[in-house]
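Please load the model in your viewer and keep a selection box at hand. The tour goes from one selection to the next, with the cut-offs given as each term comes up.

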Amino acid sequence: MNQDYINIALADDDEDDRLFFTDAFDELKIQTRVTTYNDGVYLMDYLNSEDALLPNVLFLDLNMPRKTGMECLKEIKANPKFNDIAIAIYSTSASEEDIENTFIQGANIYIKKPDSFKKLKKALAEVVTINWQYHTSGLNKDNFLLRL
Amino acid sequence: MPLRTLYRASWFVKASFIICFFVIFFVAGVTYKNMSDLSESSELVEHRYEIGIQLEMAMSYLKDAETGQRGFIITKDSVYLDPYFSGRENINNSLAALKQLLQDNPTQKKSLRELTELIDERLANFQEAQRFLVQKNNDIESPKFIPIFSKGKVLMDEIRQKIKEMTDLESLQLHEKQKEYKNNLKLTPIFLYIIILLTLVIMVIAYRKIMNDVRMFKIKNEQLELFRESANLSEIISKHGRWKWDIEDDSFEFSDNLYRLLGEEPHSFPPTVENFLKYVHPDDVEKVAEQVTQMREEKDLPFIFYRVVHKNGNIRHLKAYGRTVTNKWGKQNLLGTTTDITDEIANFKALEERNIELERNNRELSAFNHVASHDLQEPLRKIQTFLSRLEEKEEENLSATGVKYMSRIKNAATRMRLLIDDLLQFSRTNKADKIFEISDINVLFEEAMEDLAEKIHEKEATIHADSFPKMYVIPFQIQQLFINLVGNSLKYKAEDRAPKITINYEKVSAEGESLLSKTSHENYHKITYKDNGIGFDNEFAEKIFILFHRLHNRNEYSGTGIGLSICKKIVQNHRGYIFASGEEGVGATFTIYLPIT
């Protein structure tokens, strides 16, 4: 495992959002390797494949066809193999219900997709540089939703 | 009044008749006694005359004997002696009769004995004189004869005296007796007359009483008839039927309308359980029969519901209830009512269906609202993100007009974002999860002010709020209410002065509040919110709460027209009331009433 760069994955059915996502990381001065998947099924197929390179941080869109972000979250949390993956929910909605449910299911952080590129870069930079060890152990609902 | 009560009493007639019966019985007794007294009295008179006659007869026989002897003395003819010979026997007959007649009277009996002795002596004197006359050849001049003759005269006088005595005594006794009877007879007719009159009076009163009672019965009967008629009518109107079950005789009575409930003419079949069960829906027969059996045992019937089938095939739903009633004499009747509830059931079903439909519509609307605003966010966000990229990377390549257009697009997008956010919030206010808790309103207010801290600071607003008591509310909605109200005041602040907001609290009763009418609760929390902003014309006091309704041009103020609608929605969710009033250029006042539960 090469520890020089952070392995990032995103599952999102929206092409524009994937573009913003990769563009943002391109512009950020952080050593990352970004992989994107078009929906939950593609993502889980990859993660479950034998030679999969597990991401350090996984960004999950909630509203996807075939397999939703919530279903992916449950599958990942049910499998001890994926224990080390930090999961960031990356959704348009920030409804109380979604936040509550994903928190209960064990997601690590919740990001509401921002409405400007500048804010997006800021948010992603913050998430990727979080000390996950510290963040996870807190299990605090107050800082679950990322505030920008 | 006591007399009146006496007259009213039901035993009055009975008592009157008993009194009359005894009075007549008594009068009959008295009359009988009088009659027997009268006949006794006449017998007594007859008795007295008999005695008188016998005494007179005895005297007359003695006189005849005397006269005969004297005739013989003068004529010496023995023919004159006949009365003297027969006199002896006749006198004895009279004396025997007298003895019989006077046997009950000791005084007279004694007198009779003395009389008999005197008569015997006189007869002996006759014999002595006769013997002398025969022996001395009728020598009446002889000195021996004179004393004999004289003795005869003395004895005659004594006898006459005795008879007179006896007659007098008899007369006296008769007289006394008759006087007594006369007295009796004089009193009784008046007494009887009065008593019979009294009886007549009692009978007249009793008759009047009977007639009066009969009249009252008639009136009561008429009233009962009317009542029965109105009961029948009300049964028809309210689709009720009555029935009575005499538990001892196991007999039923059905009211007219009960037959109609079964789709039959009144009294078209004998009222029995068997006949009734013929009309019950086959699926319900078993249940109803069971209830009837239970009714026999427990003598009380819970509400039962069943269906009946009319001859024409119509199915009606009935509800029945019954209860045992025991009368004064311990006779038990089970009284029951049966109601046709078909229409109610139909109404209830229709209402239920409409409710379900309404709920479905509401859910759909809410889902639509949520999805629409949610799904609208996505393309908008992308427009904004692309705009930000364009601004960052390509601005220098654009002309001045291009930059201006881009800025306009940005403004439009921002405004759309605002609208969508507010709409989302409005739909969230509508959502079902209204969880009420006892909340510290002061804390909710503080949190709301923290949310707005930046804007409050920026506009240099001063806010004063009273201390609130704990209330039973949906906490996040009350917090939202404060955010929207204060946000509104900051947005519509007057140009020339810093915003100043006061919030007053008061506990009030609904009666004392002119704004409240037809309220569901008695007491309310009254929150009066006041600012010194641009205010509004009171004409718009109600329109201000309408969704998307704005009083100002978008260029002047950035509102969406949703904020106050949300406030109203929140207050309605709490079953409260919100009123607005304002003065243009001076400020606005919002009065909120939340019920105290």
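Begin by selecting B:E40, which is found in helix 2 (residues 12–75) of chain B, where helices (H or I, at least four residues) and strands (E, at least two) are DSSP runs numbered from the N terminus. At 42% relative accessibility, B:E40 counts as partly exposed, since buried means under 20% relative accessible area, exposed over 50%, and partly exposed in between (1.4 Å probe, protein chains only). The areas themselves come from the Shrake-Rupley method with a 1.4 Å probe, and for residues only the protein chains shown count as cover. Add B:E43, B:E46 and B:E50 to the selection, and you have the residues that form a negative surface patch together with B:E40. Patches are made of residues with over 30% relative accessible area and no salt bridge, with like charges joined within 9 Å and nonpolar side chains (Val, Leu, Ile, Met, Phe, Trp, Tyr) within 5 Å. Lys and Arg count as positive and Asp and Glu as negative, while His and the chain ends are not counted; the place of a charge is taken as NZ of Lys, CZ of Arg, CG of Asp or CD of Glu.

Before going further, note that this is a predicted model, in which local features need pLDDT of at least 70 and side-chain atom pairs count only at pLDDT 80 or more, whereas totals for chains, interfaces and linings use all residues. Residues are numbered from 1 along each chain as its sequence is written, chains are lettered from A and ligands numbered from 1 in the order in which they are written, and side-chain values use heavy atoms, with hydrogens and water left out.

Next, select B:K99, B:K109, B:K110 and B:R113, which gather in a surface patch of positive charge. Helix 4 (residues 106–135) of chain B gives the most to this positive patch, with three residues, and B:K110 has its place in that helix.

For a patch of another kind, select B:F17, B:M203, B:Y207, B:I210, B:M211 and B:V214, which make a nonpolar surface patch of about 540 Å². Its largest share, five residues, comes from helix 5 (residues 145–238) of chain B. B:Y207 is found in helix 5 of chain B and, at 53% relative accessibility, counts as exposed.

Now move to chain A, whose secondary structure comes to six helices and five strands, running from the N terminus as β-α-β-α-β-α-β-α-β-α-α. Of the 148 residues in chain A, buried residues make up 46%.

Which aromatic pairs should be selected here? A search of the whole structure finds 28 of them over all chains, a pair being rings of Phe, Tyr and Trp (its six-membered ring) with centres within 6.5 Å; planes under 30 degrees apart count as stacked, over 60 as edge-to-face and the rest as tilted. Select A:F21 and A:F59, whose ring centres lie 5.0 Å apart with planes at 70°, so the pair is edge-to-face. This pair links distant parts of the chain, with A:F21 in helix 1 (residues 15–27) and A:F59 in strand 3 (residues 57–60) of chain A, 38 residues apart. A:F21 is buried, with a relative accessible area of 0%, and A:F59 is buried, also with a relative accessible area of 0%. In chain B, the rings of B:Y529 and B:F590 have their centres 6.3 Å apart and their planes at 55°, so the pair is tilted. B:Y529 lies in strand 10 (residues 523–531) and B:F590 in strand 12 (residues 587–595) of chain B, 61 residues apart.

Turn finally to the salt bridges, of which a search of the whole structure finds 34 over all chains, each being a side-chain nitrogen of Lys or Arg within 4 Å of a carboxyl oxygen of Asp or Glu. Select A:E75 and A:K67, whose side chains meet in a salt bridge (2.8 Å, N to O); A:E75 is partly exposed at 31% relative accessible area, whereas A:K67 is buried at 19%. In chain B, the side chains of B:R316 and B:D343 meet in a salt bridge (3.9 Å, N to O), and the pair links strand 4 (residues 315–326) with helix 9 (residues 342–394), the two residues being 27 residues apart. As a last selection, take A:D12, A:D17, A:D61, A:K113 and B:R381, which salt bridges that share partners join into one network.
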